[in-house]
Amino acid sequence: MSGRDLFRQPRRFGRGAALTLVFAGVLVAGAATGSLPDGDHPDSFGRKAAQAAARAGTRHDDVAKAAADAMADGKSPMEAAERAVSRSGDRWGAVYSEGEYQEFQEALDGEYTGVGLWARRERNGRIEVTRVQSGSPAAAAGIRKGDRLRSVDGHKVDERPVTEVVALLRGDAQDAPAGTTVRLGLERGTRAWNETLRRARLSTDSVTVRRLPDGVTVIRIAAFTKGSGGDVRTAVRQAPADGGIVLDLRGNSGGLVTEATTAASAFLDGGLVATYDVDGKQRALHAEPGGDTARPLVALVDGGTMSAAEMLTGALQDRGRAVVIGSRTFGKGSVQMPSRLPDGSVAELTVGHYRTPAGRAVDGRGITPDLEAGQDALQRAETVLRGLGDPS
């Protein structure tokens, strides 16, 4: 799986989503619960959603009561809420401090406090740096793609989920603002060293575009922050008319669903993008008409492709718009609703799930690519685009 220090991650694995999502103006978060058995059918979707909503309503009440009781006794409301969430059985239920939630909101505006590293966990459990943001503290320190991250502030990171590694890198808005330091243990070949970096205020740089020598345009979306969907539409309009497009969603841990829907609109002429439920009510997301439906398109995915990025992938795949290449995606398709606790912290509990246009559940399953590929995914994409032919 992949991640980056763009958004505040859980301090314990399973402590909610990597990113906050916005569904119809309501702030929610997506996470994989694996709670839907293989036998689930779309016809049972509404009933299960209603049951989930009822359970979540009860759990929210229980968590709020635990927090209030703790505050009345002079104890930590947040710790009490975390214990209540743990007892609730909601694997991806979460309690965030006020500072953590503030980081979520600020990150979605296109800025974050961090050191400028992207990372992923390899099959052997090691954490590898996959990208270093230009102009960031990590870049200034000479950290490179391919370096191994061994520790963060003395905490060994091997075998940890990337969500936990990101939590160590990030801090939160109150406890680890710009200017605070974080000490990294690194390794490159036979060299091992420590580097102390100062966190800085950075832009997310969510959408990047590059052209390959054969005329293919690669649009990489690191996360769906505000404006990223519009950036994708602009990139598609500006791409050479005689070249295909690679939509690189590898390591994209999600973001604003509205922005993912806008990105879908760049490639679809209206129609369904996904269905989802909140409090037992089924809703739908639709692309705007007028997208480019003729140009050859390949979507690249991997185990770090999550949430809103999976929703976009599923829509393009189900509607026959893109060939999906890579490895199975993460499988984060549940919806969580937040509630404010007495001390300003926020509790989030699962209330429902979303599905692709064909009715496929993503939660705990992920999206299976049309073609499996690893490090050669981009080369495979170029080959496929040549086979799809000239869109004219």
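These are my notebook entries on what I looked up in this predicted model.

**Sheet**

I began with the strands and found an open sheet of six, in the order S13-S14-S15-S18-S19-S22, with mixed pairing. I noted that strand S13 (207–211) and strand S22 (371–372) stand at the edges with a single partner strand each, so one side of each is left without a neighbour in the sheet. I then looked at what packs on this sheet, and found helix H9 (residues 377–388), which touches S13, S14, S15, strand S18 (297–301), strand S19 (323–326) and S22. The direction of H9 makes about 160 degrees with that of S18.

For one pair of strands I went into detail: strand S14 (residues 217–221) and strand S15 (residues 245–248) run parallel and are joined by four bridges. Within this pair, I recorded Leu247 of S15 as the bridge partner of Ile219.

**Nonpolar cores**

Ile219 and Leu247 came up again when I turned to the largest nonpolar core, which has 41 residues, since both are listed with Phe224, Val232 and Phe267 as the residues with the most contacts inside it. Helix H8 (residues 308–318) gives the largest share of this core, namely six residues. I also found a second, separate core, which has 19 residues and includes Ile127, Ile143, Val165 and Leu186. As a general point I wrote down that nonpolar side chains in soluble globular proteins tend to be buried together.

I picked Val232 for a list of contacts, and, not counting residues up to four places away in sequence, Val232 touches Val207, Ile219, Ile221, Ala263, Ala266 and Phe267.

**Rings and charges**

I searched the whole structure for aromatic pairs and the search returned zero. Looking next for charges over rings, I found Arg131 over the face of Trp118, at 4.1 Å from the ring centre. I found Arg191 placed over the face of Trp193, and there the distance from the ring centre is 3.9 Å.

**Gly142**

My last entry concerns Gly142, which I located in the loop between helix H4 (137–140) and strand S8 (148–152). Is Gly142 buried, partly exposed or exposed? Its relative accessibility is 33%, and because buried means under 20% and exposed over 50%, Gly142 counts as partly exposed. Leaving aside neighbours within four places in sequence, I found Gly142 in contact with Asp147 and Arg188. I also looked up its separation from Glu195: the two are 53 residues apart in sequence, while their C-alpha atoms are 9.7 Å apart in space.

Methods:
Residues numbered from 1 in each chain as written. Predicted model: local features only at pLDDT ≥ 70, side-chain atom pairs only at ≥ 80, totals over all residues. Heavy atoms only, no water. Phe/Tyr/Trp six-rings, centres within 6.5 Å; stacked < 30°, edge-to-face > 60°. Lys NZ or Arg CZ within 6 Å of the ring centre and 35° of its normal. Core = buried A, V, L, I, M, F, W, Y, C linked by side-chain atoms within 4.5 Å. Buried < 20%, exposed > 50% of the residue type's maximum accessible area, 1.4 Å probe, protein only. Helix = DSSP H or I, 4+ residues; strand = E, 2+ residues; numbered from the N terminus. Contact = heavy atoms within 4.5 Å. Pairing = 2+ DSSP bridges. Axes fitted to C-alpha atoms, helices over the stretch in contact; angles between N-to-C directions.
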